[in-house]
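Work through the exercises below with the structure open beside you. Try each task before reading its solution.

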Amino acid sequence: MLFAIYGNPVSHSKSPHLHNFTFLKLGFLDYCYTRIKLENGNELVDNFKKLKLLGANVTVPFKEDAFRQCDEIVGLAKEIKAVNTIVYKNNKTIGYNTDSIGFLKSIEDFDDVKKVLIIGAGGTAKAIAIALKHNNIQTTILNRSKEKLAYFKEAGIKSDDWNDFKAEDYDLVVNTTSAGLSDDSLPAPIEIINNIFSHTKYAYDVIYNKPTPFLTKANELGLTCKNGKDMLIFQAAFAFMLFSDYPEFNRISNLMKYAMEL
Ligand code: NDP
């Protein structure tokens, strides 16, 4: 039984390690998970079918392609319009979005989150904003440019660019931009970030593989901080349940947490 992650680039992905370790530990001995670097997103589902995969994850920049090409879309992926997990069942490719529920699970550590500010307006911001909306959590989007705000306005989610933004009181601020991933930039001008942090209890960055300037600053100012590691593990654990029908989420995510540290 073959599974894969599609992306470009994809060599850095931890998903093969997380899934293969957990397949082995839970006795799925004929299951194997690999990486596929795709050049053309239009070929994603054809490639999936040609290789007779049983399931796949999809990462940047192909989640919208996967959404368009799956035979059927289930759950929040319909509204997010992006798919990060594909399962082959009854001769059909079925698309899901587990980033959204992975994020929600990861903020259970925070008490009483009722109002959230999301910085960034890309695919990850959509998955998080739609998940929060379905949990009746009041959400605002802040992005450096206006172009990507139309989706959120249409979904009934408050959204501003840097020029229009006025900070309110938030429980949680989430950086979903890639600022700080390969440079030392903040996701918005320092005055805006300082203003946001003085109105917020918790800071979260979806980046997980390095301490970003955003979280470093939040930490210095005494906010409770969290990086994207749990989100990564939880979205993978939900995908694993879809791939294998193994029902114990906590067992899967604990194994993946352990694998992450190896
Ligand atoms: P997209 O390219 O879809 O969106 C990026 C957004 O960030 C855009 O709104 C863009 O603004 C903004 N942006 C990018 N660079 C900057 C910058 N330097 N300053 C300010 N704004 C910026 O990316 P994704 O949403 O798909 O992914 C974003 C991040 O989330 C990636 O780092 C990815 O690795 C991470 N991720 C983590 C996951 C996890 O499980 N932990 C899961 C999924 C993603 P504009 O519209 O103006 O271009």
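**Exercise 1. A salt-bridge network**

Is Glu168 buried, exposed or partly exposed?

Solution. The model is a predicted one. Step 1: the relative accessible area of Glu168 is 28%. Step 2: buried requires under 20% and exposed requires over 50%. Step 3: Glu168 is therefore partly exposed.

Which side chain meets that of Glu168 in a salt bridge, and where do the two residues lie?

Solution. Step 1: the partner is Lys158, with an N to O distance of 3.4 Å. Step 2: Lys158 belongs to strand 9, while Glu168 sits in the loop between strand 9 and strand 10 (170-175). The two are 10 residues apart, and the pair links distant parts of the chain. Step 3: Lys158 also forms a salt bridge with Asp160, at 3.9 Å from N to O. Step 4: a relative accessibility of 40% makes Lys158 partly exposed, whereas Asp160, at 14%, is buried. Step 5: Lys158, Asp160 and Glu168 belong to a network of salt bridges that also includes Lys115.

How many salt bridges does the structure hold?

Solution. The count is 17. Another of them joins the side chains of Glu108 and Lys105, at 3.2 Å from N to O. Glu108 is exposed, with a relative accessible area of 54%, and Lys105 is partly exposed at 24%.

**Exercise 2. A lysine without a salt bridge**

Find Lys126. Which side chain of opposite charge is nearest to Lys126, and how far away is it?

Solution. Step 1: locate Lys126 in helix 6, which covers residues 123-134. Step 2: the nearest side chain of opposite charge is that of Glu64, 4.5 Å away. Step 3: a salt bridge needs a nitrogen within 4 Å of a carboxyl oxygen. Lys126 has no salt bridge, yet it is buried. Step 4: look at its surroundings. Leaving aside residues up to four places away in sequence, Lys126 touches Ile80, Tyr151 and Phe152.

**Exercise 3. From helix 6 to its strands**

Which strands make a β-α-β unit with helix 6?

Solution. Step 1: the unit consists of strand 7, helix 6 and strand 8, and it is right-handed. Step 2: strand 7 (residues 115-119) and strand 8 run parallel and are joined by 5 bridges. Ile119 stands opposite Leu142 of strand 8. Step 3: strand 8 also pairs with strand 9 (residues 158-161), again in the parallel sense, over 4 bridges. Here Ile141 has Ser159 of strand 9 as its bridge partner.

Why is strand 8 described as largely enclosed by the rest of the structure?

Solution. Strand 8 covers residues 138-143, and 5 of its 6 residues are buried, so the strand is largely enclosed.

**Exercise 4. The open sheet**

In what order do the 6 strands of the open sheet lie?

Solution. Step 1: the order is 2-1-3-5-6-4, with mixed pairing. Step 2: strand 2 (32-37) and strand 4 (72-73) stand at the edges. Each has a single partner strand, so one side of each lacks a neighbour in the sheet. Step 3: for one pair inside this order, take strand 3 (residues 55-58) and strand 5 (residues 85-89), which pair in the antiparallel sense over 3 bridges. Gly55 has Val87 of strand 5 as its bridge partner. Step 4: add helix 1 (residues 15-25), which lies across strand 1 (2-7), strand 2 and strand 3. Helix 1 runs at about 165° to strand 2.

**Exercise 5. Backbone angles in the loops**

Which residue is joined to Asn8 by a cis peptide bond?

Solution. Step 1: the residue is Pro9, and omega is about 5°. Pro9 is in the loop between strand 1 and helix 1. Step 2: the peptide bond from Val60 to Pro61 is cis too, with omega near 5°. Pro61 lies in the loop between strand 3 and helix 3 (63-69).

Where are Asn90 and Asp112 placed?

Solution. Step 1: Asn90 is in the loop between strand 5 and strand 6 (92-96). Step 2: Asp112 is in the loop between helix 5 (98-106) and strand 7. Step 3: check phi. Asn90 has a positive phi of about 50° although it is not a glycine, and Asp112 has a positive phi near 55°. Step 4: Asn90 is exposed at 69% relative accessible area, and Asp112 is exposed at 51%.

Key. Residues are numbered from 1 along each chain as its sequence is written. This is a predicted model: local features need pLDDT of at least 70, side-chain atom pairs count only at pLDDT 80 or more; totals for chains, interfaces and linings use all residues. Side-chain values use heavy atoms; hydrogens and water are left out. Buried means under 20% relative accessible area, exposed over 50%, partly exposed in between (1.4 Å probe, protein chains only). Lys and Arg count as positive and Asp and Glu as negative; His and the chain ends are not counted. Contact means heavy atoms within 4.5 Å. Two strands pair if DSSP finds at least two bridges between them. Axes are lines fitted to C-alpha atoms, for helices over the stretch in contact, and angles run from 0 to 180 degrees between N-to-C directions. A crossover is right-handed if, with the strands pointing away from the viewer, the path from the first strand over the helix to the second runs clockwise.
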